[in-house]
Amino acid sequence: MKSIVKKIAIGLGALLLTTQADTLLAQQAPTAQDTLNDRISALEQQVFQQKRGEDHFMVVGLTTFGLVTNKTVTTIGGVSTTSRTNTFGDADRYEFSPMFLWRHDNKFLMEFEPSFNNDGLGVNWADISYFAAPGLIIRGGYMVLPFGIYNKRLAAGWIDKLATDPIGLDYPASTDYGFEIMGGLPLGDMKWSYDVGIFNGMQLLPDGELQSAGLTDNNTNKTISGRIAILPLSNSALELGFSALAGKVGDAGSAYSNASTNMYAFDLNYIQPIKPFSVNIKAQYNIVNIDRQNYINPNDSTQTYSYNNHSTSGFAQISVRPAFLDNGLKNFELTYRYANSTSPAMSAWGAKADQSTIGIAYWINWRTVLKITHEMVNTNSTVNTAIFPDGGISKSDSWFIQFSIQL
């Protein structure tokens with residue numbers, strides 16, 4: 001009996017020593033698995049400690065740069081002159097824009113994007129959004145007008161498939177100060193979206209052109225702008241949009257104080273795989289009308305002139321990606337775009353212009369793209385030659401090598 005008890009005591013002692021030794025070794029030399037578990041536990045604790053309503057700050061950005069070569073032939077009165085440029089970037093296609101995003105709680109988001117280009121330092125937009133409910137966002141500040149699809153959704157360098165913008169879509173100004181509500185909701189098997197806002201509006205210049213009124217409104221009236229769109233297919237491959245803008249544009253107390261503008265836009269976006277390709281078609285058509293006014297002749301202040309202040313602009317483009325290519329080759333995309341712009345005949349800036357653009361884009365990743373673009377623009381002046389004798393014909397031929405990235 002004593003022999004059995006002795007053996008049990010010896011066994012227990014050995015087991016205790018072994019357990020202590022294992023514990024000591026674990027403390028002195030933790031395994032990779034132990035270290036990973038500790039890190040996971042620490043991260044879980046950190047996530048658990050975060051409270052709703054905590055602020056979050058992020059910095060992203062956009063940069064676009066490259067090489068531009070251009071040849072322009074201008075003919076006035078039968079005499080032609082040729083100009084050539086070859087430069088890294090230009091005022092329209094070089095940009096460095098950091099974007100600052102600040103989220104407060106799950107309801108508020110502040111966006112601020114300053115921009116540096118050849119014109120100096122400016123601001124692309126600065127606004128705050130309130131996510132009031134599913135399908136309802138309220139936004140205020142300096143923002144892109146809800147008019148058409150190009151300026152608000154397609155113009156960024158890392159989204160645009162070509163190195164240039166369609167002519168005419170930068171008129172009128174695309175940004176303004178104001179408030180808007182936006183969102184989208186299901187509509188049976190379809191979907192629809194809305195974006196409506198009230199803004200300071202635009203200012204009518206002495207030659208009949210429009211520019212942004214800026215932070216201080218030039219009159220006591222406000223401009224309403226909005227877009228409504230429907231996605232009629234169950235797979236959302238097709239989007240059809242309609243936009244409208246209306247408001248007074250004349251300076252308060254001036255001869256143009258009652259002048260108003262009415263604008264309309266129609267747009268289309270279609271994305272669909274059509275074997276063996278992936279096809280994307282986009283289009284937009286703008287109509288701008290301004291009340292007829294009598295403008296002072298800049299060459300003789302005692303005389304006035306008038307014209308039908310009607311402008312149109314639009315573009316249609318098709319992008320094709322060969323879906324059958326493997327690996328990195330499938331990131332190539334071929335795009336062709338045609339654009340047209342007409343400004344009022346007999347005005348100081350009347351012209352008809354056609355733009356034909358073709359290019360290849362290589363998408364390094366979903367937000368980084370290298371583009372090679374060729375563009376031709378033909379412009380015929382339609383100014384009132386009795387007042388503005390500098391009308392003529394211009395033909396421009398340009399090549400672009402451009403790199404755009406969003407960080």
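Of the 407 residues in the protein chain, 38% are buried. The model described here is predicted. The protein chain has 3 helices and 21 strands. Among its contacts with a separation of 6 or more, 58% are made by residues 24 or more positions apart.

**Strands β5, β6 and β7**

- Strand β5 covers residues 120–133 and strand β6 covers residues 136–144; the two pair in the antiparallel sense over 7 bridges.
- Within this pairing, A126 stands opposite Y142 in β6.
- The hairpin of β5 and β6 has 2 residues between the strands, and G135 in this hairpin takes a positive phi near 85 degrees.
- Strand β6 is also joined to strand β7, which covers residues 175–187, by 8 bridges. These two strands, β6 and β7, run antiparallel.
- In the pairing of β6 with β7, M143 stands opposite D176 in β7.
- In general, the side chains of a regular strand alternate between the two faces of the sheet.

**The second largest pocket**

- The second largest pocket has a volume of about 330 Å³.
- Its lining is made up of 18 residues. Those that lie nearest the centre of the pocket are I167, G168, S341, S343 and A353.
- Five strands give two or more residues to the lining of this pocket: β14 (277–290), β17 (310–322), β18 (332–343), β19 (351–365) and β20 (368–381).
- By residue type, the lining of the second largest pocket divides into 7 nonpolar, 9 polar and 2 charged residues.

**Salt bridges**

- The whole structure contains 11 salt bridges according to the search.
- One of the pairs is R153 with E239, whose side chains meet in a salt bridge at 2.7 Å, N to O. This pair links distant parts of the chain, since R153 is in helix α3 (residues 150–154) and E239 is in strand β12 (residues 238–248), 86 residues apart.
- R153 has a relative accessibility of 35% and therefore counts as partly exposed. E239 is buried because its relative accessible area is 8%, and buried means under 20%.
- A salt bridge also forms between K222 and D217, with the closest N and O atoms 3.0 Å apart. K222 is partly exposed, with a relative accessible area of 38%, whereas D217 counts as buried at 16% relative accessibility.
- E333 forms a salt bridge with R321, and the closest N and O atoms of this pair are 3.0 Å apart. The pair links distant parts of the chain: E333 is in strand β18 and R321 is in strand β17, 12 residues apart.
- In this pair, E333 is buried, with a relative accessible area of 6%, while R321 counts as partly exposed at 28% relative accessibility.
- A network of salt bridges links D127, R139, K152, E180 and D195.

**Where the topics meet**

- Strands β17 and β18 each appear twice in this briefing: they are among the elements that give two or more residues to the lining of the second largest pocket, and they hold R321 and E333 respectively.

Note on methods:
Residues are numbered from 1 along each chain as its sequence is written. This is a predicted model: local features need pLDDT of at least 70, side-chain atom pairs count only at pLDDT 80 or more; totals for chains, interfaces and linings use all residues. Side-chain values use heavy atoms; hydrogens and water are left out. Two strands pair if DSSP finds at least two bridges between them. Helices (H or I, at least four residues) and strands (E, at least two) are DSSP runs, numbered from the N terminus. On a 1 Å grid over the protein atoms alone, a cavity is a set of points where a 1.4 Å probe fits but cannot get out, and a pocket is an open set with protein on both sides within 12 Å along at least five of seven lines; lining residues have an atom within 4 Å of a point. Grid points are joined across faces, edges and corners, and a volume is the space filled by probe spheres set on the points. Ala, Val, Leu, Ile, Met, Phe, Trp, Tyr, Cys and Pro count as nonpolar, Asp, Glu, Lys and Arg as charged, and the others, Gly among them, as polar. A salt bridge is a side-chain nitrogen of Lys or Arg within 4 Å of a carboxyl oxygen of Asp or Glu. Buried means under 20% relative accessible area, exposed over 50%, partly exposed in between (1.4 Å probe, protein chains only). Contact means heavy atoms within 4.5 Å.
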